[in-house]
Amino acid sequence: MYRAVTRNIEVEVEPFYMEDRSDPDTGRYVWGYRITIENRSEEFVQLLTRYWHITDAEGRVEEVRGPGVVGEQPELNPGDSFQYTSGCPLSTPSGIMVGHYTMRNAQGDLFDIAVPAFSLDLPNTMRTVN
């Protein structure tokens, strides 16, 4: 598990390899990730947009921006949480993702909350150094 807390809003990430959707012989590796956003603050917030910075094992970067997550812009009152699952394909057997969500509070103020960097690595593999 990976965690980050910004303005008392916690983002927890649990990545997992999706072997059934991957095909290493053709250079397709797919990971899922389960994200839980918990509003531990004293204010209402709404998730408006997402930003991802994805880097594969060869250093190639893809940036993804868009409204909401999985087609939703969840509203979180104090104490509420929201969980969703999504995925990320790569052409290499490992990579890393990091990002942020842009939130809005009841007063209309916009602010970003961090999504912690998390690694996408094949299970039961060890990297060797030559």
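A salt bridge here is a side-chain nitrogen of Lys or Arg within 4 Å of a carboxyl oxygen of Asp or Glu. The model behind these views is predicted, so local features need pLDDT of at least 70 and side-chain atom pairs count only at pLDDT 80 or more, while totals for chains, interfaces and linings use all residues. Residues are numbered from 1 along each chain as its sequence is written, and side-chain values use heavy atoms, with hydrogens and water left out.

**View A. A salt-bridge network takes in Arg3, Glu10, Glu12, Glu38 and Arg40.** These five residues are linked to one another through salt bridges. By the cut-off above, the count comes to nine salt bridges. As a general point, side chains of opposite charge can pair when their charged atoms come close.

**View B. Arg7 and Glu43 make a loop-to-loop salt bridge.** Their closest N and O atoms are 3.2 Å apart. Arg7 sits in the loop between β1 (2-6) and β2 (9-17), and Glu43 in the loop between β3 (29-39) and β4 (45-56), so the pair ties together parts that are 36 residues apart in sequence. (Strands are DSSP E runs of at least two residues, helices H or I runs of at least four, and both are numbered from the N terminus.) Arg7 is partly exposed at 44% relative accessibility, and Glu43 is partly exposed at 22%. For the record, buried means under 20% relative accessible area, exposed over 50%, and partly exposed in between, with a 1.4 Å probe and protein chains only.

**View C. Ser41 shares the β3-β4 loop.** Ser41 is buried, with a relative accessible area of 7%. A polar atom of the Ser41 side chain lies 3.2 Å from the backbone oxygen of Glu43. Leaving out residues up to four places away in sequence, Ser41 touches Arg7, Asn8 and Pro78 (contact means heavy atoms within 4.5 Å).

**View D. Two further salt bridges: Glu14 with Arg34, and Asp56 with Arg60.** The Glu14 and Arg34 side chains meet at 3.1 Å, N to O. That pair links distant parts of the chain, with Glu14 in strand β2 and Arg34 in strand β3, 20 residues apart. Glu14 is partly exposed at 32%, and so is Arg34 at 28%. For Asp56 and Arg60 the N to O distance is 2.7 Å; Asp56 is buried at 8%, whereas Arg60 is partly exposed at 42%.

**View E. The open sheet runs β1-β2-β3-β7.** Its four strands pair in antiparallel fashion (two strands pair if DSSP finds at least two bridges between them). β1 and β7 stand at the edges with a single partner strand each, so one side of each is left without a neighbour in the sheet. Five bridges join β1 to β2, and Tyr2 stands opposite Val13 in β2.

**View F. The largest nonpolar core holds 26 residues.** Such a core is a set of buried Ala, Val, Leu, Ile, Met, Phe, Trp, Tyr and Cys residues joined through side-chain atoms within 4.5 Å. Tyr33, Ile35, Ile37, Trp52 and Tyr101 touch the most other members. β2, β3, β4, β7 (81-90), β8 (94-105) and β9 (110-121) are the elements giving two or more residues to this core. Beyond its neighbours within four places in sequence, Ile37 is in contact with residues including Val11, Leu47, Leu76, Phe82, Tyr101 and Ile113.

Conventions
Polar contact = N/O pair within 3.5 Å; in protein donor to acceptor, adjacent residues only side chain to side chain.
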